[in-house]
Amino acid sequence: MDSLFAKADAIRPVAKGQHGRPGKHSIKKAKAKEDTTPSDATALSVRAHTSIPRSLQPQETSASDSTPSSSKQKFNHIKNPKLRTHLTQSSSRSSHIHSLREDASLLTDALGASSGQVECDGPLERTWRLSQEDIVKEVGAEAARGRREWVLDGGPYRSRYTRNGRHLGIVGRNGHVASFDWMAGTMHSELQLKETCRDFTYLHDHTHFAVAQKKHVFIYDQNGVELHRLASHIEPSRLEFLPYHWLLASVGNTGHLVYQDTSTGALLTSLSTRLGPTLSLTQNPHSAVLYLGHTNGTLTLWTPNLSTPAVRLQAHLGGVTSVAVDASSGSAGRYVATAGMDGFVKVWDCRNWGKCVRGWAVRSGGGGGTKGGGGIEVDFSQKGFLAVVSGGSVNVYTPPTTRSPPPNSDPSSQITVSPPLYLTHPLPHRPSTSPRFSPFHDVLTVGHAAGLSSILVPGAGNPHFDSTEADPFEGRKARREREVRGLLDKLSPEMITLDASLTPGALAPPPKQTLPGGEGKVPELPYARMTRIDRLKASGKYDETGENEDPDVEMGDAEGTDGTKQEKLKEKHKMRGKSKSTKRYLRKHRKNVIDPTTVAIRAKLEKQREERRREVDVKRGIVNEDAGRKKSALDRFKRGVK
Amino acid sequence: MKIKVLQHSPTDHLPARRGDPTPTSRNLDPDMHPFARARERMRALNAAKMDRMFAKPFVAALEGHIDGVEAMARRPNSLAEVASASWDGEIIVHDIARRNHVVKIDNAHKGKISGICWSPYEENRLLSCGSDMSVKIWDTANLRDGDGDVSMEAGPSKFQKQKPVAVFNGKFAFNSIDHHRHDPIFATASSLLQVWDETKTTPISNITHPTSHESISSLRFAPSEPSVLASVGSDRTFILYDIRTSTAERRTILSFRANALSWSPTFPTTVLLASEDHNLYTFDLRQLKTPTQIYKGHVSAVMSCDWSPTGTEFVSGGWDRTVRIWKEGVGKQPEIYHTKRMQRVLSTLYSSDARYVLSGSDEGNVRIWKARASDKLAVVNTREKAAMEYRDALRERWKFDDEIGKVSRSRRIPKPVHKTHLLKHTMLDARRVKEERRRKHTRAGESKPTAERKKVVIEEQS
């Protein structure tokens with residue numbers, strides 16, 4: 001037996017004073033001790049000069065580290081514990097994400113392509129003086145493949161890239177639709193629809209696309225074969241596809257926002273905006289919230305779960321012609337740019353809708369009257385570059401200046417000077433529409449009346465793509481697999497909320513369970529542990545009649561002069577009342593059965609009580625003795641009665 | 001002015017030769033992966049659903065016995081062979097891979113066979129004991145057919161050859177038998193514990209406890225210390241013996257009697273007891289005052305238990321007609337197996353490779369189950385295996401999510417079992433409420449609640 005114990009002790013010694021599994025905690029303790037005091041001399045010598053990547057460190061230690069980032073923030077001064085916990089959690093989460101991002105950038109920058117840029121030699125050189133010819137000459141023909149001019153009839157044209165940036169779809173106002181692989185230079189399909197076409201969007205990948213036509217939305221496949229006519233989308237003007245929820249959304253002249261599930265074909269919901277024709281539509285890719293711009297200058301944010309807009313904002317004095325959401329790393333859906341018929345471009349911070357961060361008037365904008373061509377249009381690139389198309393030119397601005405108010409500006413005025421220009425390019429034909437940056441390339445495509453122009457914007461595209469999300473070089477098998485996986489991982493539309501946009505990269509933590517009575521309530525006992533009375537009450541079987549009857553107390557109340565005296569009287573009378581035999585009988589028989597004798601006694605008591613109350617009233621002279629009572633036959637013999 | 005435009009080189013992103021896989025690239029920036037957590041949750045939900053969808057644990061039923069199968073034993077150094085013995089006195093050695101009978105001994109004993117074990121000392125030797133007060137040793141090599149298969153319609157001439165190698169006669173009906181790990185010694189349990197030498201006709205020692213007159217229901221040798229023996233008996237006792245000194249070293253009286261016991265194959269002092277009070281207990285012999293873990297789940301007496309060879313899981317069979325598979329140290333929500341025709345489960349066994357579980361039940365069938373309900377039995381290629389492991393990790397990570405936890409926890413339970421479960425809980429609740437009321441109305445501090453763990457052992461003697 002002893003040898004048996006010795007063998008066991010060698011594996012795991014028995015823990016003293018422990019009921020559970022022996023030795024389990026002792027091992028943990030030993031490990032913790034090791035962590036605090038490393039005995040390894042080599043590790044000690046190396047430790048000073050090395051560090052584990054911050055993303056691999058445990059989250060709480062990284063939060064308590066002495067890093068100068070926001071992780072050090074303390075919220076001890078906040079009194080509300082709920083808010084304090086929320087702030088602490090969100091700040092630690094954001095610092096964790098920050099460190100993740102730093103590590104990721106370290107890893108990705110080391111390999112693959114590097115992003116484009118323009119390097120100035122001296123302080124007097126201006127990047128906006130560069131023309132496209134200069135850029136093409138400088139970078140060479142191979143790198144300048146993105147620079148194209150498509151001369152087409154039936155404009156103005158709108159365009160849209162797939163999420164991997166390889167395929168480009170264009171639609172002309174008069175019904176010319178084409179979808180092609182612009183990198184390989186092969187055409188997938190070309191259609192002449194011969195009716196007004198207002199917008200174009202690819203669905204989950206380039207094999208399906210939707211066109212907003214004169215009356216309805218139509219879905220075509222890669223070869224241009226019409227697959228579906230979506231009759232519930234009436235007179236659509238703008239389309240948007242939510243790739244993770246597989247939802248196609250359209251807005252139109254009727255002012256309805258229609259969501260349709262493209263994986264099942266079901267119409268999810270049709271929301272009436274009640275704001276008239278909608279001019280612009282865009283999505284926030286981080287939260288799947290849709291941003292709508294209306295003719296009266298209102299910007300509204302919609303989720304399919306609310307029948308009213310989640311946010312409603314008077315953004316411009318004229319109609320909102322274009323909305324763009326900055327999905328780049330620095331912003332992650334936080335900054336929104338809008339352009340209006342009033343000739344202004346405004347950049348908003350979604351955490352504070354009260355005032356725009358920067359707004360400026362566009363020189364040749366406003367003209368919006370031309371048929372089919374709107375006013376100013378805006379788009380953000382993957383790196384946060386802002387393209388503004390207005391009148392006869394396209395201007396590109398770079399991120400930090402677009403998001404911050406200009407130095408030495410009057411803080412009270414919303415409209416300031418425009419941010420420093422990065423690039424500009426004159427467009428040959430008016431009206432010009434639809435700037436679109438190509439994902440993972442330094443290319444910007446702008447449509448105009450006589451076709452489309454693609455220009456080079458060095459530094460606009462993200463050089464590092466992720467093959468699980470979007471890969472410009474993916475083959476047929478990879479595309480098929482991604483389609484199936486996308487369907488399996490399809491998110492339900494109920495998950496679309498506005499709150500997710502505030503905490504990018506992470507879902508909001510689930511709300512703590514609260515009791516129906518509200519916070520601060522003592523949690524209820526389980527049913528089995530309640531007292532019998534409580535259990536009867538909970539199941540609704542408790543007989544509550546005869547519970548609050550205390551006639552003597554009422555009488556005492558009437559006689560009392562002030563509150564304290566009343567209290568005393570109450571107690572006293574209660575004691576006295578208890579000893580009454582009838583009441584004792586009733587108390588003893590307070591069962592959950594309606595017994596005829598108890599009911600009768602109760603009725604009798606009630607009658608007596610009424611009688612007594614009446615007597616008191618008569619004595620005080622409040623009521624006449626005969627008032628309210630039915631006359632009996634014997635009353636005629638009373639003295640003094642006529 | 002230096003200008004550079006982003007350019008992806010096709011050589012990095014396109015396959016070098018025709019037929020090569022396309023190279024993939026990664027960007028770990030969380031902003032490149034919108035809805036990453038939501039999508040992972042959806043994948044975890046799908047993984048949980050797929051796990052339940054593929055959960056088809058029943059593999060096969062091995063027929064052959066006419067009456068209840070009370071004892072089973074896996075053959076040492078063999079993955080496939082398992083011996084089973086039934087109440088009609090029949091022994092069958094099954095090949096669970098081919099699902100046929102290797103050896104079939106009719107009328108091995110008169111009346112029921114209550115214990116069976118393989119001899120590690122000599123290969124092919126099988127020991128059986130029964131209520132006919134005898135222990136028999138069989139040489140299965142001689143009984144085996146040429147092709148390793150015994151046809152069901154074997155003629156009577158065949159049975160004449162089925163003679164045991166040795167017969168030992170006792171004075172009482174035997175309840176259980178186990179063989180020493182490397183000596184020709186075996187022990188039997190009846191109203192007293194006897195240790196036998198294979199070469200002698202009488203027991204070499206009779207071990208009794210001075211104050212006990214019980215019948216011992218089960219006994220097992222400790223795997224790591226072969227001279228130590230443990231037994232459970234009708235007197236609610238759990239006794240440890242040393243056969244070198246021929247004494248009962250420790251005696252523990254439990255609140256309810258245990259029906260079966262099993263030694264952990266990996267930890268020397270851990271013993272599992274299958275108790276009559278619907279629970280299983282693991283004890284550390286160094287601390288016999290309290291069990292290390294109570295395993296609650298059965299709704300009737302637990303009749304048998306067996307550890308997996310890995311020592312991380314064990315199986316139990318109960319009077320409630322279910323087989324349950326437990327993780328060591330996790331006292332609730334076991335995996336539950338049942339079929340319509342399976343009656344009281346009298347014996348359970350893990351296979352030697354820990355992939356299967358065997359159950360022998362009252363109606364005479366030996367059933368093979370998968371140890372993991374959603375295991376794939378076919379050959380699994382590397383990508384499939386990686387996908388399975390990813391799904392397992394996802395389920396583990398998201399098990400605290402309401403929806404996912406519900407999918408992976410919920411089991412369809414037979415209605416009688418469920419009703420009994422509800423009834424049992426009502427009774428336990430009532431008992432607890434009564435106890436609480438009693439405590440409430442006694443003087444403060446007079447009576448304190450006793451931990452469940454401390455109620456198990458009534459007395460320790462040594």
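Entry 1, charges of chain B. I looked up the charge balance of chain B in this predicted model. I noted 74 positive and 57 negative charges, and their mean positions lie 7 Å apart.

Entry 2, a positive patch. I then turned to the surface and found a positive patch made up of A:Arg476, A:Lys477, A:Arg480 and B:Arg383. I asked which element supplies the largest share of this patch. Helix α8 of chain A, residues 476-488, does so with three residues. I placed B:Arg383 in helix α5 of chain B, which spans residues 382-397.

Entry 3, exposure of B:Arg383. I checked whether B:Arg383 is buried or exposed. The relative accessibility of B:Arg383 is 66%, and the residue therefore counts as exposed, the cut-off being over 50%.

Entry 4, fold content of chain B. I recorded seven helices and 30 strands for chain B. Helix α5, the one that carries B:Arg383, is one of these helices.

Entry 5, extent and burial of chain B. I noted that the C-alpha atoms of chain B occupy a box of roughly 105 × 80 × 45 Å along the principal axes. Of the 462 residues in chain B, 51% are buried. For the accessible surface of chain B I recorded about 22,500 Å², with 51% of that area belonging to carbon and sulfur atoms.

Entry 6, contacts in chain B. I asked what share of the contacts between residues at least 6 apart in sequence joins residues at least 24 apart. In chain B this share is 51%.

How values were computed:
Residues are numbered from 1 along each chain as its sequence is written. Chains are lettered from A and ligands numbered from 1 in the order in which they are written. This is a predicted model: local features need pLDDT of at least 70, side-chain atom pairs count only at pLDDT 80 or more; totals for chains, interfaces and linings use all residues. Side-chain values use heavy atoms; hydrogens and water are left out. Patches are made of residues with over 30% relative accessible area and no salt bridge: like charges are joined within 9 Å, nonpolar side chains (Val, Leu, Ile, Met, Phe, Trp, Tyr) within 5 Å. Accessible areas come from the Shrake-Rupley method with a 1.4 Å probe; for residues, only the protein chains shown count as cover. A salt bridge is a side-chain nitrogen of Lys or Arg within 4 Å of a carboxyl oxygen of Asp or Glu. Lys and Arg count as positive and Asp and Glu as negative; His and the chain ends are not counted. The place of a charge is taken as NZ of Lys, CZ of Arg, CG of Asp or CD of Glu. Helices (H or I, at least four residues) and strands (E, at least two) are DSSP runs, numbered from the N terminus. Buried means under 20% relative accessible area, exposed over 50%, partly exposed in between (1.4 Å probe, protein chains only). Contact means heavy atoms within 4.5 Å.
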